[in-house]
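Me: Could you take me on a close look at one part of this model, the sheet and what packs around it? I'd love a connected walk-through rather than a list, ideally following one residue in some detail.

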Amino acid sequence: MGNSAGLIILLVMLIVVVGFVIITTITGKKAAKKEKEQRYKAVRNEIKAFLAKTDNRKNIRVEFEKVYSRKGPEYKYRDVFDVVVELIEPKTQKSIERRAYEVEGITTKIDKKNYATKWVVNTILDLDETEQRIAIGQKEIKLTKEERKALKKSDRIKEKELAKIEKEEIKKIRAEAKENKKNPVIQRTTEHKEKFVPIRSKEGN
């Protein structure tokens with residue numbers, strides 16, 4: 001009898017654990033989907049604002065085709081994305097143009113546990129070059145041995161250049177901090193505005 005009761009308790013506990021895992025997984029997927037939708041909406045709005053400002057184009061529908069997170073030494077501390085979109089006329093539903101943009105996410109710390117991400121459209125890119133870069137990054141285009149060597153060499157050069165710039169910046173910051181200690185400057189506090197930075201995602205975004 002005791003063994004039977006123990007087995008029932010064990011089965012109940014197992015059902016509870018499995019149920020908890022299932023609920024947590026579903027909740028996590030829903031949260032990830034919602035976060036992705038919010039991110040896409042924010043980037044879409046930034047592209048629309050960029051179009052209105054640079055091309056004086058308004059009421060354009062923006063549909064995402066490809067979103068690729070750049071990799072390499074220069075993007076170690078930056079979230080930069082190649083975004084290929086299709087611009088559509090809402091009234092006629094006709095495709096007007098395909099474009100590529102460089103979009104960057106800038107993350108700002110709100111408090112100890114929370115961060116805010118603001119998306120910024122840096123510039124319009126050459127469409128063909130962008131699609132080729134994405135294809136290489138996603139290994140849709142296979143590089144020759146010589147091309148891979150040249151790419152690695154280029155990355156190493158960039159890494160050295162960035163390390164040099166970083167050292168110079170750190171040196172400058174330390175010098176400024178030392179100078180400020182000697183001559184403290186009283187500054188008026190200003191209202192902090194949220195900056196744009198999305199979390200890097202290794203999914204296709």
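Reply: Happy to! Let's start in the middle of the sheet, where β2 and β3 run antiparallel to each other and share 11 bridges. Please keep in mind that this is a predicted model. One position to look for along this pairing is D79, which sits opposite G105 of β3. On the sheet you will also find helix α2, residues 127-137, which touches β1, β2, β3 and β4. The direction of α2 makes about 125 degrees with that of β2.

Now step back to the sheet as a whole. The sheet is open and has four strands in the order β1-β2-β3-β4, paired in the antiparallel sense. β1 and β4 are the edge strands, each with a single partner, so one side of each has no neighbour in the sheet. From one strand to the next, the twist averages 30 degrees.

For a residue to follow, I would pick R99, which belongs to strand β3, residues 94-109. Is R99 buried or exposed? Its relative accessible area is 10%, which is under the 20% cut-off, so R99 counts as buried. The side chain of R99 makes a polar contact of 3.1 Å with the side chain of E97. If we set aside neighbours within four places in sequence, the contacts of R99 include D55 and R57, along with V83, V84, V85 and L87. I124 and L127 are also in contact with R99, as is L51.

That last partner, L51, is worth a visit of its own. Once neighbours within four places in sequence are left out, L51 touches R99 and Y101, and also N56, R57, I60, V62 and L87. L51 is also one of the residues with the most contacts inside the largest nonpolar core, alongside I47, F64, V83, V85, Y101 and V103. This core has 17 residues. At least two of them come from each of α1 (2-54), β1 (61-69), β2 (79-89), β3 and β4 (115-125). The element that gives the most is α1, with five residues. Apart from this core lies another one, of six residues, which includes V84, A100, L127 and I134. R99 has contacts with members of both groups: V83 and V85 are in the 17-residue core, whereas V84 and L127 are in the six-residue one.

What comes after α2? Q138 lies in the loop between α2 and α3, residues 145-182. With a relative accessible area of 38%, Q138 is partly exposed. Its C-alpha atom is 8.6 Å from that of Y68, although the two residues are 70 apart in sequence.

Finally, here is how the part we looked at fits into the whole chain. There are three helices and four strands, and along the sequence they follow the pattern α-β-β-β-β-α-α. Of the 205 residues, 23% are buried. Among contacts between residues at least 6 apart in sequence, 59% join residues at least 24 apart. An unreviewed UniProt entry lists residues 6-26 as a "transmembrane region". In the model this span is 100% helix and 0% strand, and its end C-alpha atoms lie 30 Å apart.

Notes: Residues numbered from 1 in each chain as written. Predicted model: local features only at pLDDT ≥ 70, side-chain atom pairs only at ≥ 80, totals over all residues. Heavy atoms only, no water. Helix = DSSP H or I, 4+ residues; strand = E, 2+ residues; numbered from the N terminus. Buried < 20%, exposed > 50% of the residue type's maximum accessible area, 1.4 Å probe, protein only. Polar contact = N/O pair within 3.5 Å; in protein donor to acceptor, adjacent residues only side chain to side chain. Contact = heavy atoms within 4.5 Å. Core = buried A, V, L, I, M, F, W, Y, C linked by side-chain atoms within 4.5 Å. Pairing = 2+ DSSP bridges. Axes fitted to C-alpha atoms, helices over the stretch in contact; angles between N-to-C directions. UniProt positions renumbered as here; feature names shortened; annotations may be inferred.
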